[in-house]
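This report describes selected sheets, helices and loop residues of the model shown below. Please keep the structure in view while reading.

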Amino acid sequence: DAERTRLGDYAEGPGNVEHLENGLLPGLDGWLYSAKSRRRLRLAPAASTNDPPRLEVSPTLFRGQWGLAMDDAGRLYSNHNSAFLYVDLFPGEYALRHPATATAHAKPGLTVDLAPDERVYGVRVAPGLNRADQRGALRRDGRQDAPTAVSGVAIQRGDQYGPEFHGDAFVPESAGAVVARFDLEPDGMGLRARHVLDADPDWSEREFLASTDERFRPVDVKVGPDGALWVIDMYRGVIQHAHYVSDYLRDYVRTNDLEAPGATGRIWRIVRTDRPIDRGPPSLATTADRLRALDHPNGWVRDRAQRGLVAAGRGMRAAQPDGETPDGLLATLRALDELDAIGRSHALWTLAALDALDVGTWRRAGGS
């Protein structure tokens, strides 16, 4: 059996699970980010093939509540249970370097609310909310009004839905049994989001994905290896944590026989029916495979190609007597001519992780 080495802890501690780290996300910069956390993690390269890896810990911006996502530029997106979508327009660590911004509560350009005061457009009357008995929780037609259980976020970096969907944010709202879609566009130095709604014959407008099933509880959404969206459905009658269940909801759950959980959760794969779907990613088994995949149209593939190249380069370096990465791999990464802009970005971050990014390569990647 393989020997296991404990490198650190994660999401540990007493108290409510709602206040623990979650949503572990590998960033373009090689660090692992989490929601509900003030730290980021990174596996440091082993000094030799006989040495174990080491876990580096670095302070970062506290962001989000449930889940994180990243776009092609490496910007991080988060949420709060009552707010759909936030973005960091630049790396949050920059604000922690200077005394004037490190301790400031508000940091312009970070945790920017892209969808303030947005409402939920479900397709069912929703008396099963924790505070549905309070004024303003429901619309006059009985549907949920504002978000109360936003959970998870994904940026569509895949290629299966067409260019009109690329870069859009998809955000589950589990209490409303919906997944909302936001079209993201540049706005000067920032971004703006447009809440995209679809026509509905019964309710006029609805979210990108909406269900009449009270047990449909989308708690996260990811872009899969095929470039399609995958929705994680907890499939439970109750989504509220026991610490916060109101008397109203407790009575509603008992009256409607919603206490018993479903046998299993469900995973939904969202595909277009009007175009063919390539169901599998390319092989990433070899260094040559990974180099070719740096500008693949699916971000899931590109990210793993980059991480595979970093691991391979570090392995090559550890195996060399002089501890240097073989020039062949570095030369190929620096030959940017055949890569598009996204592929060049991944190549640069790969070189940076291998401590091999030089000024000349960086300038050529930007066309200067």
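Two strands are taken to pair if DSSP finds at least two bridges between them. Helices (H or I, at least four residues) and strands (E, at least two) are DSSP runs, numbered from the N terminus. The model is predicted: local features need pLDDT of at least 70, side-chain atom pairs count only at pLDDT 80 or more, and totals for chains, interfaces and linings use all residues. Residues are numbered from 1 along each chain as its sequence is written, and side-chain values use heavy atoms, with hydrogens and water left out.

**Sheets**

An open sheet of four strands follows the order E5-E6-E7-E8, and its pairing is antiparallel. Strand E5 (69–70) and strand E8 (112–113) occupy the edges with a single partner strand each, so one side of each has no neighbour in the sheet. Within this sheet, strand E6 (residues 76–80) and strand E7 (residues 83–87) run antiparallel and are joined by three bridges. Ser78 stands opposite Tyr86 in E7.

An open sheet of three strands, also with antiparallel pairing, has the order E16-E17-E18. Its edge strands are strand E16 (218–223) and strand E18 (266–270), each of which pairs on one side only. On average, neighbouring strands of this sheet are turned by 20 degrees against each other, direction ignored. Strand E17 (residues 229–233) runs antiparallel to E18, and five bridges join them. One bridge partner is Arg266 in E18, which is matched with Asp233.

**Helices**

Burial is judged by relative accessible area: buried means under 20%, exposed over 50%, and partly exposed in between (1.4 Å probe, protein chains only). In helix H2 (residues 247–255), the buried residues are Leu249, Tyr252 and Val253. Seen down the axis of H2, these buried residues fall within an arc of 100 degrees, so they line one face of the helix; the arc is that of the directions from the helix axis to the C-beta atoms. The face of H2 turned away from the buried side carries the exposed residues Asp247, Asp251, Arg254 and Thr255.

In H5, the buried residues are Leu329, Leu330 and Leu333. Down the axis of H5 they fall within an arc of 95 degrees, so they too line one face of the helix.

Helix H5 (residues 327–334) and helix H6 (residues 341–353) have axes that come within 9 Å and cross at roughly 145 degrees. Axes are lines fitted to C-alpha atoms, for helices over the stretch in contact, and angles run from 0 to 180 degrees between N-to-C directions. Leu330, Leu333 and Arg334 of H5 make the contact with Ala347, Thr350 and Leu351 of H6, where contact means heavy atoms within 4.5 Å.

**Residues with positive phi**

Asp117 and Ala177 each have a positive phi although Asp117 is not a glycine and Ala177 is not a glycine. A further positive phi is found at Asp257, just after H2.

| Residue | Phi | Place |
|---|---|---|
| Asp117 | about 60 degrees | loop between E8 and strand E9 (154–155) |
| Ala177 | about 55 degrees | loop between strand E10 (169–173) and strand E11 (178–187) |
| Asp257 | about 55 degrees | just after H2 |

Is Asp117 buried or exposed? At 78% relative accessibility, Asp117 counts as exposed. Ala177, with a relative accessible area of 3%, is buried.
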